[in-house]
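This report is addressed to a reader who wishes to examine the voids, burial and cysteines of one protein chain. The sequence and structure come first, and the description follows.

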Amino acid sequence: MRILPALIAAATTLTGLVACDHDEDVGSSIVQNEIEIIIDSSFTITGHTVDNPRVQSRTTMQLLGAINANGFGQFSSEIVTQYMSANTIDTAGITADMIDSLQLMLAIPNGGYIGDSIAPMGLEIYRLNQQLPSPIYSDFDPEGYYDPTPIASKIYTANVLGEPDSMGEYNYRFVFVDLPVSLGRELFQAYRDNPASYATPTAFSQIFPGLYIKNSYGSGRVMKIEANSMRLYWHRDSTLTSGTDTTYVYDGNYYSVTPEIVTNNDISYAMSPDLIARAQAGQNLLVAPAGMDVEIKFPINDIITAYNSKATRLTVVNALTLSIPVEEITNDYSIAPPPNLLMVLSSKKDEFFNSNSVTDDKYSFYAAYDSTNRRYLFSTMRDYFTTMLSESKQRELTEDDYTFTLTPVTVDIEYYSSYSTSFYISSIAPYVECPAMCRLLTDDAQIKFTFAIQSVKF
């Protein structure tokens, strides 16, 4: 008797469910959502060139050579550097008189130069006799820091003409300079006497402050040196079980330029009259290393005002970008725009480099040069806007909040694995890789501010 009412109830419930399934617009008559995407490109920036006469050394990249380039100017770079020693040296059965030679090796990537690859140029090498200062800057004067008697010299080029065929197989061009064997024996004996002197860069610099590598002859090329090291060669005499005397020859790359030591490019630059005239005429120029930056005023107050005039509680900020067109400057050495540009609040620029910072997309950003479209695109400024929007509710924004410096930098990127496209920025340093320049067309810069407004209608 109770089965029939239960079946009737189940049928009623099923009918109700089926009826609901046939109503495809349930709720649409009650709530309607509309999303409006707003892209505002009505904002402009202003800017001017500022001198950047020296840069702090924050890279192991070394520059050597000199050029006189029409449209750029006279530029030269020399090197002062400490060396990182190996922690241990094999001394078993070896005495200092078995050391045969010490050789300096400078590795230049193929194409890693500005100028003429076959022009003969000369260098001289001096021993430092004082500790290099830290921090050290590109206008450092080595006078008084080295023994004035050179210990080695070399005439070199940037090609492999006249070299063994095997040298052409490498991705690098090498400049080898024979150093005094007496220096090699001195360094070897220092380790034998006190292995602790090789334990840290500071300890090693006390017995060997480093080298000064100076331009001595010629002009027409500046080379990028990616690796600078000293290799020790020695031999060991032995007698085979057959009674035959034999000599074994060994070598070790025991001294290298690494991020842990102090190294510097001593830069001398006389800007061309053409660039000076351009800057005086109001053109915004980037010239590196140690030349000119560009300072801009970013219109954050105008952007906040435009946003507040339309924003509701359901407004979402999507993006804020800045694109700056570039005019490449004609010259006879193919000097191009800097590969990367840092945009940092001017009030935080020194702190940024002194603390080895990387960009935070809030007060600092970077852009790679887009040679196809000839522009720098800063595409990650959203957090800067949201930060300034929050700050503007607490206080009035000042020039320190929107005055930025655009300066050339070297950006080191590390990938998480050899199979991954994901990466992180490991370091950002002032750009000293080679001469670079361009004009920023700030009057034609484009700011694109994108946000979405959702409205709910009942």
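The sections below treat the chain as a whole, then its pockets and cavity, and finally single residues.

**Overall architecture**

The structure is a predicted model. Its chain contains eight helices and 25 strands. Of the 458 residues in the chain, 45% are buried. Among the contacts with a separation of 6 or more, 79% join residues 24 or more positions apart. The area that the chain exposes is about 23300 Å², and 49% of this area is supplied by carbon and sulfur atoms.

**Pockets and cavity**

The table sets out the volumes and the lining composition of the three voids described here.

| Void | Volume | Nonpolar lining residues | Polar lining residues | Charged lining residues |
|---|---|---|---|---|
| Largest pocket | about 590 Å³ | nine residues | 10 residues | five residues |
| Second largest pocket | about 230 Å³ | five residues | four residues | three residues |
| Largest cavity | about 30 Å³ | seven residues | two residues | no residues |

The largest pocket has a volume of about 590 Å³. Its lining comprises 24 residues, of which Ser-57, Arg-58, Thr-59, Thr-60 and Pro-259 are the closest to the pocket centre. Two or more lining residues are contributed by each of the strands β22 (403–415) and β23 (423–430). Strand β23 provides the largest share, with four residues.

The second largest pocket encloses about 230 Å³ of space. Its lining consists of Asn-52, Arg-54, Val-55, Gln-56, Tyr-137, Lys-349, Asp-350, Phe-353, Asn-354, Thr-407, Pro-408 and Pro-430. Here the elements that give two or more residues are helix α6 (349–354) and strand β22. The largest share of this lining comes from α6, which supplies four residues. Strand β22 is thus named for the lining of the largest pocket and also for that of the second largest pocket.

How many cavities of 30 Å³ or more does a search of the whole structure find? The search finds one. About 30 Å³ of space lies in this cavity, and its lining is formed by Asn-52, Val-55, Ala-288, Pro-289, Ala-290, Thr-407, Pro-408, Pro-430 and Tyr-431. Several of these residues, including Asn-52, Val-55, Thr-407, Pro-408 and Pro-430, also line the second largest pocket. No charged residue is present in the cavity lining, where seven residues are nonpolar and two are polar.

**The environment of Ser-364**

Ser-364 belongs to strand β20, which spans residues 364–370. Is Ser-364 buried or exposed? The residue is buried because its relative accessible area of 4% lies under the 20% cut-off. Apart from neighbours within four places in sequence, the residues in contact with Ser-364 are Leu-342, Met-343, Val-344, Phe-352, Val-358 and Thr-359. Phe-352 falls within the residue range 349–354 of helix α6.

**Cysteines and disulfides**

A disulfide is a covalent bond that links the sulfur atoms of two cysteines. With a cut-off of 2.5 Å between cysteine sulfur atoms, the count of disulfides in this model is zero. Two cysteines may be described by their burial. Cys-434 has a relative accessibility of 13% and therefore counts as buried, the limit being under 20%. Cys-438 is likewise buried, because its relative accessible area is 0%.

Methods:
Residues numbered from 1 in each chain as written. Predicted model: local features only at pLDDT ≥ 70, side-chain atom pairs only at ≥ 80, totals over all residues. Heavy atoms only, no water. Buried < 20%, exposed > 50% of the residue type's maximum accessible area, 1.4 Å probe, protein only. Contact = heavy atoms within 4.5 Å. 1 Å grid on protein atoms, 1.4 Å probe; cavity = no way out; pocket = protein on both sides within 12 Å on 5 of 7 lines; lining within 4 Å. Points joined across faces, edges and corners; volume = space filled by probe spheres on them. Nonpolar A, V, L, I, M, F, W, Y, C, P; charged D, E, K, R; others polar. Areas by Shrake-Rupley, 256 points an atom, 1.4 Å probe, with all protein chains shown as cover.
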